[in-house]
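Colleague: Could you take a close look at one part of this model with me? I'd like to pick a single helix and follow what it does, step by step.

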Amino acid sequence: MLKRYQVLLNDWQAEHYKLMSRKYDVSFSEMIRMALCLDIIYATYLAFPKQKLTIDAAKLKRSIKARNIIDAMTSEEFHNFLSKVYFEARKATEVWSKSEKEAEE
């Protein structure tokens, strides 16, 4: 379920996400969600290096470096990729939550 929040972005951030959302043919909100999820995954990878990723990090890295995620995937593959990103990010938040609870005990 999605919840509505007001988020203030610097002009440069908004322009970047507008550009990326047009390039990848997703809504601005979808682009923000995707970026947040990728950030969560990356931060979790850095903080918990033993945590396994189910996203093909090598394919993602190649696609981003080539600046052609969409060109490298069909529309269906891209949306499947987004689903995996959201799932992986959700798992990553559970890793953080578990770690925080253990630190409180």
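**A close look at helix α2**

Modeller: Let's start with a pair of charged side chains: E30 and R33 meet in a salt bridge, with N and O 2.9 Å apart. Keep in mind that this is a predicted model. Both residues sit in helix α2, three residues apart, which is about one turn of the helix. Now, are these two partners buried or exposed? E30 has a relative accessible area of 19%, and the cut-off for buried is under 20%, so E30 counts as buried. R33 comes out at 27%, so R33 is partly exposed.

Next, let's walk along the helix itself. Helix α2 covers residues 28-47, and F28 belongs to it. F28 has a relative accessible area of 32%, so it is partly exposed. Together with Y5, V7 and L9, F28 makes a nonpolar surface patch of about 410 Å². Further along α2 you'll meet A43, which is partly exposed too, at 33% relative accessibility.

A43 also gives us a way to look across the fold. From A43 to W96 is a gap of 53 residues in sequence, yet their C-alpha atoms are 9.9 Å apart in space. So how do helix α2 and helix α5 (residues 75-104) lie relative to each other? Their axes come within 8 Å and cross at roughly 50°. That angle is neither under 35 degrees nor in the 65 to 115 range, so the two helices are oblique to each other. The crossing of α2 past α5 is left-handed.

While we're at α5, check its own charged pair. E88 forms a salt bridge with K91, and the closest N and O atoms are 3.9 Å apart. These two are three residues apart in α5, so about one helical turn separates them. E88 is buried at 3% relative accessibility, whereas K91 is partly exposed at 23%.

Helix α1 (residues 11-23) has a pair with that spacing as well: K18 and E15 are three residues apart, about one helical turn. Their side chains meet in a salt bridge at 3.7 Å, N to O. Here K18 is partly exposed at 37%, and E15 is partly exposed at 47%. The count for the protein comes to three salt bridges.

Finally, zoom out. The protein has five helices and zero strands, and along the sequence the pattern reads α-α-α-α-α. Of its 105 residues, 26% are buried, and E30 in our starting pair is a buried residue.

Conventions: Residues numbered from 1 in each chain as written. Predicted model: local features only at pLDDT ≥ 70, side-chain atom pairs only at ≥ 80, totals over all residues. Heavy atoms only, no water. Patch = residues over 30% accessible without salt bridge, like charges linked within 9 Å, V, L, I, M, F, W, Y side chains within 5 Å. Areas by Shrake-Rupley, 256 points an atom, 1.4 Å probe, with all protein chains shown as cover. Salt bridge = Lys/Arg side-chain N within 4 Å of Asp/Glu carboxyl O. Helix = DSSP H or I, 4+ residues; strand = E, 2+ residues; numbered from the N terminus. Buried < 20%, exposed > 50% of the residue type's maximum accessible area, 1.4 Å probe, protein only. Axes fitted to C-alpha atoms, helices over the stretch in contact; angles between N-to-C directions. Parallel < 35°, antiparallel > 145°, perpendicular 65-115°, else oblique. Left-handed = near helix turned anticlockwise from the far one by under 90°.
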